[in-house]
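Here is a quick tour of one model, region by region. Keep the viewer open while you read.

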Amino acid sequence: MFKPLLALTAALTLGYSRVSAQTSKQDQLLYGVAYYDEYSPYERLDKDIAMMKAAGINVVRIAESTWSTLEPQEGVFDYSHIDRVLDAMHKAGIRVIIGTPTYAVPTWLVRKCPAVLAITNRGPNQYGPRQNMDISNPDYRRHSELVIRALLGHVKNHPAIIGYQVDNETKAYGTAGPAVQKLFVEHMKRKFPSLDALNKAYGLDYWSNRINTWEDFPSVVGTINASLGSEFSAFQRQLVTDFLAWQAALVREYKKPNQFITQNFDLGWRGHSYGIQPDVDHFAAAKVLDVAGIDIYHPSQDQLTGTEIALGGDLTRGMKGGQNYFVLETEAQGFPQWVPYPGQLRQQAFSHLASGANMVEYWHWSSIHNSAETYWKGLLSHDLQPNPTYEEAKTIGRDFQRLSPSLLNLKKTNKVAILFSNQALTAEGWFSSGLDYNQVLRPFYDALYRQNVGCDLVDPSSPNLEQYSLIIVPMLYAAPTSLLERLNQFVQKGGHLLCTYRSGFSDENVQVRTTVQPGVLSAACGVTYSQFTVPDHVGLQGDTYQAGRNDNQVTTWMELLTPTTAKVLARYDHPVWGQYAAITENQYGKGLATYVGCHTSDGVVEKLVTNTVRKAGLWGADQELRFPFITRSGINQRRKAVHYYFNYSGTPGTVRYPHGAGKELLAGTAVSQGQQLQLAAWGVQIVEEK
């Protein structure tokens, strides 16, 4: 089963550009909600639609959550809840996205086919939660196909439908049972035709882990080998890519040429959306989609910074090579601690647009009255009546409708990129260095954001690294030599590279390189080291980056750097380690490489980023602003520059507008170059140049 799916993924990827070209151009900003009429405590469809219309809601997503309602018994289908919503929405002029209902399995399927529930490294899953299945299980696939075909065959001609969402926040969910292990062995046979090659590449002679016949290949659930464990994680991510490709292929049999296919990817989670998702190769999985989609949840009230909104948008825009994207889920109220202050819902909505979103959709319309997500509140509270958040949403809907010609299809061209790697993220997690990949990446991204430096997120599959002036590479622990050589060439040809500790350390098989560290990157970075340690009462000599006593500390990890051709920017402040460099800078060819050999405070990272951006010649008028004043910009479909200004604080403020004369779109007033813009607490202004 797995091999044909790999072939299907490749075929769909090759054919994507032809399919995508058929999708009609979006004509207005989409503003919407996930809507579950089947959850409603009483009949109120007409009332809901009237309230949606009043709020400017022009799209809803339905059907992705209730397989058991659609197919209450095997082969018995009830479309009444879907038909009534489709008909009512169409009558009201509200567009509909249909979700395939495969991320939560019905009881009858588990009774009939217990093996659809995944076996993970914690044991067999139990029925109850969503996303508890093995997405590679043949019975799950067979019944998923039947319900998808039944649903799409029934609704395909309905005029309300503008597109389809395949599954929901898909991951492999840790599936690792015997059936999955067999698939993994077949995968390994294709990757390593020779067991000798496998044993050597993964160092399996250690602790007698050597595999001498394919029949003896053990379950990797208990492995202590980082190479084997990381490969299994990559295999699980491939299961996700193949699963979404398989669903997309089914949907393409039914969708109209002017309808799209999307998916609501999510981010790594730390109580809210935080960083790179470890369980999905987003860039690979997005290839079969017409439009990339994202779910972004973030702190609110005094913790609202807009950083997660920008990060999620920059990542999702990168999935399709700079195309605009959909925010398929974000909070209206969400957790109780996320109920927004007045003005914040508007600020959040326009923040999504400023990163290139063409849709903002809340999860969800109304708050649920029981079960797991009772207190993850929607746009409406449990009384289902208008509230301050809903009243603010009405202003957003009006502005989205009015300003669509200027705000739709914003195109962004950035000269800075962060290169992230799922492979490095997974590999790094096998070693207790005290460092978490996203915790290393985020301070660099946050520093760019806080200094108003536009940024793209790229991964090793991204083809055009040379289009950037500066690339930041956080903790690229595992990487093929070819990628490291690409980075060397990037610098040699005139690019600026900012690279952190633990980069280039191991190869693509998580085998530590035998060359002096940082391996291939030594050429561009002009530095070597053979020892590293955990710092204890270590700082940077002379407080090089003026971080202050508390923030000038080196923590968690330090490499004892010896420059070869590099200039020392900072040394360790320590009676023994003071002879070693901590941060260096090297001229290599036409470019410049900065190497950071230690984990520092966020304050030092921000100063490092400032210096690097300046040396790359990318410091301009926008960078004179600092958080909480954030500006984001792009070119709209009318080929005019658009500049967003946000005040992420509860205190009103003033910013100088440095660009060409234009019009502030929300108020409709003229703006001249050099004019002071008044930003209210949690306020936003948008200037379109003439």
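Which residues make a nonpolar surface patch of about 380 Å²? The trio is Tyr206, Trp207 and Ile224. Bear in mind throughout that this is a predicted model. Tryptophan 207 sits in the loop between helix H8 (195-202) and H9, and with a relative accessibility of 61% it counts as exposed, because the cut-off for that class is over 50%.

**Helix H9**

Follow the chain into helix H9, which spans residues 226-252 and holds leucine 244. Is leucine 244 buried or exposed? It is buried: its relative accessible area is 0%. Leaving aside residues up to four places away in sequence, leucine 244 touches Val166, Asp167 and Thr170, then Gln263 and Phe265, and finally Ala285 and Val288. Alanine 286 is also worth a look: its C-alpha lies 8.6 Å from that of leucine 244, with the two positions 42 residues apart in sequence.

Arginine 237 is another H9 residue, and its partner is aspartate 281 in a salt bridge. Aspartate 281 belongs to the loop between strand E9 (273-275) and helix H10 (282-285), so this pair ties together parts that are 44 residues apart in sequence. The two ends are not covered alike: arginine 237 is buried at 4% relative accessible area, while aspartate 281, at 22%, counts as partly exposed.

**Salt bridges**

How many salt bridges does the structure hold? There are 32, and the table lists some of them, including the H9 pair.

| Pair | Closest N to O distance |
|---|---|
| Glutamate 64 and arginine 61 | 2.9 Å |
| Arginine 237 and aspartate 281 | 3.1 Å |
| Arginine 317 and aspartate 456 | 2.8 Å |

Glutamate 64 and arginine 61 are both buried. Burial also applies to arginine 317 and aspartate 456. What parts does the pair of arginine 317 and aspartate 456 tie together? Arginine 317 comes from helix H11 (residues 307-319) and aspartate 456 from strand E14 (residues 456-458), so the link joins parts that are 139 residues apart in sequence. That pair doesn't stand alone, either: salt bridges with shared partners join Asp314, Arg317, Asp456 and Arg632 into one network.

**A five-stranded sheet**

Now move along to an open sheet of five strands, ordered E26-E27-E32-E29-E30 and paired in the antiparallel sense. Which strands stand at its edges? They are E26 (629-635) and E30 (669-671); each has a single partner strand, so one side of each is left without a neighbour in the sheet. On average, neighbouring strands here are turned by 25° against each other, direction ignored.

At the E30 end, the partner is strand E29 (residues 662-664), and the two pair antiparallel over three bridges. If you want a spot to zoom in on, try glycine 662, whose bridge partner in E30 is valine 671.

Which helix lies across part of this sheet? Helix H12 (residues 344-354) does, lying across E26, strand E27 (641-647) and strand E32 (684-689). The helix runs at about 145° to E27.

Definitions and conventions:
Residues are numbered from 1 along each chain as its sequence is written. This is a predicted model: local features need pLDDT of at least 70, side-chain atom pairs count only at pLDDT 80 or more; totals for chains, interfaces and linings use all residues. Side-chain values use heavy atoms; hydrogens and water are left out. Helices (H or I, at least four residues) and strands (E, at least two) are DSSP runs, numbered from the N terminus. Buried means under 20% relative accessible area, exposed over 50%, partly exposed in between (1.4 Å probe, protein chains only). Contact means heavy atoms within 4.5 Å. Two strands pair if DSSP finds at least two bridges between them. Axes are lines fitted to C-alpha atoms, for helices over the stretch in contact, and angles run from 0 to 180 degrees between N-to-C directions. Patches are made of residues with over 30% relative accessible area and no salt bridge: like charges are joined within 9 Å, nonpolar side chains (Val, Leu, Ile, Met, Phe, Trp, Tyr) within 5 Å. Accessible areas come from the Shrake-Rupley method with a 1.4 Å probe; for residues, only the protein chains shown count as cover. A salt bridge is a side-chain nitrogen of Lys or Arg within 4 Å of a carboxyl oxygen of Asp or Glu.
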